[in-house]
Each structure stands twice: as structure tokens, then as C-alpha cells.
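Thanks, everyone; I would like to take a few minutes on one fold, going from its sheet to its charged pairs. Please have the sequence and the model open while I talk.

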Amino acid sequence: MSNNKRSTETTDVLVCGHISVDIIPRFHRLGEPSSSQLTPGSLIEVGEAQFCTGGSVSNTGIALHQLGTNVRLNGKVSDDFLGSLTLNLLRGIDPVLTEGIIQATGETSSYTLVVNPPGIDRTFLHCPGTNDTFSELDVAWEQSNGARHFHFGYPPLMKGMYADSGDRLSSILRTAQEKGMIVSLDMAMPGKGTAALSADWISILTKSLPYVDVFMPSLEEMLMMVNRELYEQLAHTGEELCDLVSVETIQELADSLLALGCGMVVLKLGASGLYMRTSQQLLLDHANHLTPEWHDEWSNRELWAPCYRTQVAGTTGAGDCTIAGFIHGLLLNLGPEDTMNGAVAVGAFSVEHLSATSGIKPWETIQARVSSGWERLPLGRQLNGWSWEEKPGIWAGPADKLTK
């Protein structure tokens, strides 16, 4: 799908960071639980494999492109087969998407085998490849002139972004702010036994978040990085972690992240939706295109947007697409309620297809479905002290300035 954006137009968003090729075999729906089939020594018959680009650069970048944003993707692949496949897959969507992708010589490109059987959570077999050698020298700053937004994704899957205690990461984010862009940051869950899992993430976040306007990790990632003891307690229950964490813990976590210096925290909660907490003083003075009225509308807010009801085909990349919807709402200067609802709507379109971005439609199409009375999923928990705002279809928390 192409929105026919030309590279000569001003870039709206520079999406930077992790990129890979996703290999997604299609599992047949059988009577017995899929988890019981995934045993050592067994042969499991699957359907055709879907090949698509993955990672934050691809998922968030392509979703933004299909929503109607003029976006530049900035990642790194090698000159090997998988690197060429990555570029060919991007060209199949729109050749303009390859213009910011660097092709290094003699390295190994990144790939992920996505094991996503029905009925159980997906598993990833991942090779980071060229993402580990990505540095600020690979960022296409000269091609970002005029861009209003800079998004960086998946530093825990990029060795250079955490091996030096976050110096490279914070430098990239600081440069983006100095160039007048709104800066957003997404994380990823480090794999078991990896160096990223044992990295000092509190120290890395302390260095990086003062240069982040919109921090958009998942709840699971933040618990692992900021409250490891609670994360390990909940991770061993076998239940969905987002369902087990109390509202009070989510609020405390968001406040602790704001205290580290970012302007707003947007936590992805899976099927429980999207939670946002913003500070009294947003870090957006460097973004000259934002008005005082915008600042007033967005500061000191606490909102929770439930997901839209849909038929789930796959959840790979849904969080990245949700981020794309949020960024697109910011670019349109929408209010926080409409931006949050737009974000979860884009995420819902994503999960209706096996790959991350094949279901993403233009923003107007998504908004038409929202306006038609699209049903929301229940949160499955009590929000004591919160108020339901029927017209925007969103929960406002006790810390939200409009409920005080």
C-alpha cells in the first residue's frame, strides 16, 4: 500500500532504531491447545510463512506511512541476503521508505522468527545483527530538516544503546531535541540470559528521559527495568501480567518515570488498553510549532483508553502501530482524548492481521470506524476514583486536572 509520498516533501517524522525481517509461520487451529504441541522432538505442521519487515523502524514507520504521514525510516541492515530482503520488502510498500536505510558491508542483518500459535502468547527467536552496531553516525540528521517528530525504538535490542550505560542513546535523543523535534522513545523486552537483561536500566533511563517528551514503553518492560522484584513475582504466575498489576502500581510507576525527566508517560497495557500520565511542565519548549493552548490541554493529565473489540489474528507489532497512531494524533494537534483513542484504534486494526502493518488503513478510514460506534472492550478491573467520559470514550483518573 502506498500513499504516494515523495522524498522531496518535508519529512514529518524520522523513525530511527531497530529494524529486522520477521518470519511468521501460520499455525493451523487444532482442537488441542497449541502449547501442548510445542514439545521437544515434535514435528508441527504449519501453513505458509509470511515474510515482512519488523522492528520499531519498520512497524511504526510503515504504520505512520499508511496513516498518511510523510515519514523517513532510519535503520541499518547489511549487504547480505536478509538485508536485501529487508530493502525489497520496503520497496514493495513504497520505494521512498528505503531512502534512510543504511546498508553496511560484511555484517549480519537482523531477523526474527515469530512463533505465534493461537491460544498462547507469541515467542521470538531473534538475531540483533546490524542493530548492535548502530550509532549516532548512522542517524540521517541531514535528511530530517523540517521534521516535527523524532521516534526511537527498541534500544534494549541494540547493544550500542545500552552497553555504555546509555551515553549513545541519550546523545541521539538530545540531538533530536536540539533540532526542534518532539522526541518519543519506545522500549523492548530484553531476552532471557542477554546482556541487556542485566543492564542498569534505571541509570540508562535517568540519562535518557530528560531528552524524551513522550515515553511509550509497555507496562511489562517498565516493571522489569524499574521494579524487577515485582516483575519476577508476577512473571511466574502464568497469567497476563497487565491483568495482575494494580492501578495504584501503574500510577506509581508512571509518576516515577516522570520524575526521571520525561514530559509524558504512555504505558501500553495489551488488551487492557493505553494509560497516559503527563507532567505539569511538558518538555516541549524546543517544539516551536506547539501553541500555549496545546500545552495547557496536555499538561497534568491522566487518561486510560480501553481497546476496541476486534477479531485478533496476531499481535506482532501491535504496540508499534499503537505508537504510530499516537504520533499521528500529535502531528494533527489533536487533544489527548482523541489522540489516545486514535492510538488504540490503530492498534486494533493491526491485530486483525497476522503481520504488524498489513491491516493499517488511512487515518480517515480508521476514524470513520471509530465514529460508527465501534464497541470497546471492558477493562476487567475497577477504576475507583476515575470518571468515564462518554463522548470521547475514555477514563479520566483522579490525577487528571479536569476531574479535580
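Let me begin with how strands are assigned, since two strands are taken to pair if DSSP finds at least two bridges between them, and the helices (H or I, at least four residues) and strands (E, at least two) are DSSP runs numbered from the N terminus. With that in hand, Tyr 111 stands opposite Cys 127 in E8, and five bridges join strand E7, residues 111–115, to E8, the two running antiparallel.

Before I go on, this is a predicted model, in which local features need pLDDT of at least 70 and side-chain atom pairs count only at pLDDT 80 or more, while totals for chains, interfaces and linings use all residues. Residues are numbered from 1 along each chain as its sequence is written, and side-chain values use heavy atoms, with hydrogens and water left out.

In what order do the four strands of the open sheet lie? The order is E3-E2-E7-E8, with mixed pairing, and the edge strands, each pairing on one side only, are E3 (46–54) and E8 (123–127).

Two helices lie across this sheet, where contact means heavy atoms within 4.5 Å, and where axes are lines fitted to C-alpha atoms, for helices over the stretch in contact, with angles from 0 to 180 degrees between N-to-C directions. Helix H2, residues 55–67, lies across E2 (20–27) and E3, at about 90° to E3, whereas helix H3, residues 81–93, lies across E2, E3 and E7, at about 85° to E3.

Now to the charges: a salt bridge here is a side-chain nitrogen of Lys or Arg within 4 Å of a carboxyl oxygen of Asp or Glu, and by this rule the count comes to 14. One of them joins Glu 48 to Arg 26, with the closest N and O atoms 3.1 Å apart, and this pair links strand E3 to strand E2 across 22 residues.

Which residues are linked with Lys 76 in a network of salt bridges? They are Glu 107 and Asp 138. The closest N and O atoms are 3.6 Å apart for Lys 76 and Glu 107; Lys 76 lies in strand E5 and Glu 107 in the loop between E6 and E7, so this pair ties together parts 31 residues apart in sequence. For Lys 76 and Asp 138 the corresponding distance is 3.7 Å, and because Asp 138 lies in the loop between E8 and E9, that pair ties together parts 62 residues apart in sequence.

As for accessibility, buried means under 20% relative accessible area, exposed over 50%, and partly exposed in between, with a 1.4 Å probe and protein chains only. Lys 76 is buried at 8%.
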